[in-house]
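Morning, everyone. I have one structure to walk through today. Please bring it up on your screens.

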Amino acid sequence: MRHPDRLARSILERPQRTPLKEGIFHTLVHGGYGIWRRAWTRNNSQLSAVVTTILEVGAALETLNDEEFDDHVARLRLELLTRPNATAALVDAFAAIQEAAYRTIGQRPYPSQLFGAIAVYHGEIAEMQTGEGKTLTAVLPAAAAALAGIPVHVLTVNDYLAARDAENLGPVYRRLGLSVGLVVQDSSREQRRAAYACDVVYCSNKEIAFDYMRDSLVFGHSDHALLRHAARLKCDETMDRALTLRGLHFAIVDEADSVLLDEARTPLVISGTNQRNRQETKIYAQALEIADAMEEEVHFHVRTLTRQLEMTALGETRTDDLAASLGPAWAGRMRRRELVRSALVARHLLNQDAHYLVRDDKIIIIDDNTGRPMPDRNWEQGLHQLVEIKEGVTPTATWDPVARMTLQRFFRMYHHIGGMTGTAREVAGELWGTYDLVARKIPTNRASRLEYLGAIVADSITEKWWRVKERAVHLQAQGRPVLIGTNTVGASEQLSEVLTAAGCVHRVLNARQDRQEADIIAEAGAQGAVTIATNMAGRGTDIILADTVRDAGGLHIILTELHESARLDRQFFGRAGRQGDPGTYEIIASLEDEILVRNVPRIAARLAAMAESDYRARVAIAVMRFVQWRMGRLHTRTRADLLRMDEYEATSLAFAGRN
């Protein structure tokens, strides 16, 4: 972290991140283990010594009364303004922050949390197991940097977590003389400006990225950092009121792999409204009619692994023939083929209760990674309107894109960045290659007691639901809570019907129940509770176990279908066995699961011909893991290509004033 007196330089010039080089894909995919190993072994003994010193200094601070403690914090703040990176200053800062946390909210960080906080403060990604207390860990580097005069953004994956953390941890910051702001989707421009003026701001990654893009639009094409700084020096009140942010200085990213990688496959786009007209709606309806006249594997191919749809030569000819009598709007060959291809995507790649919900005469997109609804997001280039017409929803106006940015480029512009996640080792190479971020494994506070019970692979989905029901009913009778994971809203509701028919009392958490997420997860650890959840699974909310539940064996996790990413599986399994609690998990899948049928249908058919056995289950799970690995490589390549194209466009447009 640079000296606060030099913060103006972060406005004058953007940090020079390592550009993508030839062969970067090989580095991203294969370079992870070496980077991970170096991060784990490097200076761990030194970190242990620093943590020990922090605990010793913190013990001395416990003897101070409130007035003496306030005086100590005031002196510490002056010291941090001149020496923010000095080890002694960092030790004193962390000791004071942990004491403030204990005096305000009654929580004192564990040594493992101090390990993670040091890593984040120095610009690393701390891999901390689920339940190790990443929320409190973030307070230490955030408050230390803020005490040094550096604006801090603490970024979470959704508005609920941002609001919860800002409220719960606000007393700690205020005890240290720091101000705390909150930005959520419903915040007005004035509220956003006031929040970003605070020492520490809690918000979701999408909100701050869009705020930055809106600020860039204020400058039009002249968005060079020097011009922005010059506008501020001129004290242009009109310009200043139009801006919300005051720079990108220090970001602390929770669920870093999800934010920095998983959500970075799709660029962010700001669009301006366009007038909806009847002619446009008619064209989209005609495109769907043509799509309905197409036959899969004859006129088009669906690539499930890449989620792409390709029209064949026969399909293009069929499109030209059917569109010949539809009027001048269909005269352009490229336009009509792209319209029909989008209609085919709406018909065959986007499914209700898997990719979107229909709610209040609106199409609500479901986030692939979190399983949460995103009411403020639309598909572009007419795809959203095609889905609306497909579902009989009133079509909305189309949108014309006016600004576009990738999350990779946005986060690479931060002066300093660190983060935390429970699953970093699989993507350590990509974090290093894209963001120059080293992943460091943080030891757990208590030894894990989580036990894997193996996998069962049923012949059909119907049999899978029956096996899950039998398992849930059996464990419920023993007084153990059960958390069952499904991949889609539709699957969670199918299983709910099976459990209801069996008389098993349960609750469902999916995109339809997003408003009750915290309440459902808070009760998921009760004795005999059965909860069905999509991969949103209340991430960031602890499942608290009663003593009777611990004595019975703790929370049991059942995963009914593997996700696209093995990291998502690990995150779901991590809901159990927190802080040394007992817990178990298992996989109950089927040979009809989409990960097999849609990606490796021939292998799925051969597995179905085998007799059910432990050997078949092991082979099936191995095949699913292989598909996950292939998808991971594909997603890595997609993100690398997206960033490379983004950098190319920025360079190509340099003559127009863009940097």
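Start with the contacts. Take those with a sequence separation of 6 or more: 77% of them join residues 24 or more positions apart. Keep in mind that this is a predicted model.

Now the overall make-up. The protein has 659 residues, and 53% of them are buried. DSSP runs give 28 helices and 20 strands. The exposed surface comes to about 28,700 Å². Carbon and sulfur atoms supply 51% of that.

On to the interior. In soluble globular proteins, nonpolar side chains tend to be buried together. Here, the largest nonpolar core holds 57 residues. Which residues have the most contacts inside that core? They are Phe-94, Val-152, Tyr-173 and Tyr-202.

Let's take Val-152. Set aside residues up to four places away in sequence. Val-152 then touches Ala-142, Ala-145 and Ala-146. Val-152 also touches Asp-199, Val-200 and Val-201, plus Phe-250 and Ile-252.

There is a second, separate core, with 40 residues. Its members include Val-183, Ala-264, Leu-407 and Phe-410.

Phe-410 turns up again in the aromatics. Ring pairs tie Phe-410 to a cluster with Tyr-212, Phe-411 and Tyr-414. The count of aromatic pairs is nine.

Next, charges over rings. Arg-103 puts its charged end over the ring of Phe-69, 4.6 Å from the centre. Lys-464 lies over the face of Trp-465, also listed at 4.6 Å from the ring centre.

Cysteines. How many disulfides does a search of the whole structure find? Zero. As a reminder, a disulfide is a covalent bond between the sulfur atoms of two cysteines. Two cysteines to look at: Cys-198 has a relative accessible area of 14%. The cut-off for buried is under 20%, so Cys-198 counts as buried. Cys-203 is at 0%, so Cys-203 is buried too.

Last stop, Ala-329. Where does Ala-329 sit? In the loop between α16, residues 313-323, and α17, residues 333-348. Buried, partly exposed or exposed? The relative accessible area of Ala-329 is 23%. Partly exposed runs between 20% and 50%, so Ala-329 is partly exposed.

And its partners? Leave out neighbours within four places in sequence. Ala-329 is then in contact with Gln-279, Ile-283 and Arg-335. Look at Gln-279 in particular. Gln-279 and Ala-329 are 50 residues apart in sequence. In space, C-alpha to C-alpha, they are 9.1 Å apart.

That's my tour. Over to you.

Terms used:
Residues are numbered from 1 along each chain as its sequence is written. This is a predicted model: local features need pLDDT of at least 70, side-chain atom pairs count only at pLDDT 80 or more; totals for chains, interfaces and linings use all residues. Side-chain values use heavy atoms; hydrogens and water are left out. Rings of Phe, Tyr and Trp (its six-membered ring) pair if their centres lie within 6.5 Å; planes under 30 degrees apart count as stacked, over 60 as edge-to-face and the rest as tilted. A charge sits over a ring if NZ of Lys or CZ of Arg is within 6 Å of the ring centre and within 35 degrees of the ring normal. A nonpolar core is a set of buried Ala, Val, Leu, Ile, Met, Phe, Trp, Tyr and Cys residues joined through side-chain atoms within 4.5 Å. Buried means under 20% relative accessible area, exposed over 50%, partly exposed in between (1.4 Å probe, protein chains only). Contact means heavy atoms within 4.5 Å. A disulfide is a pair of cysteine sulfur atoms within 2.5 Å. Helices (H or I, at least four residues) and strands (E, at least two) are DSSP runs, numbered from the N terminus. Accessible areas come from the Shrake-Rupley method with a 1.4 Å probe; for residues, only the protein chains shown count as cover.
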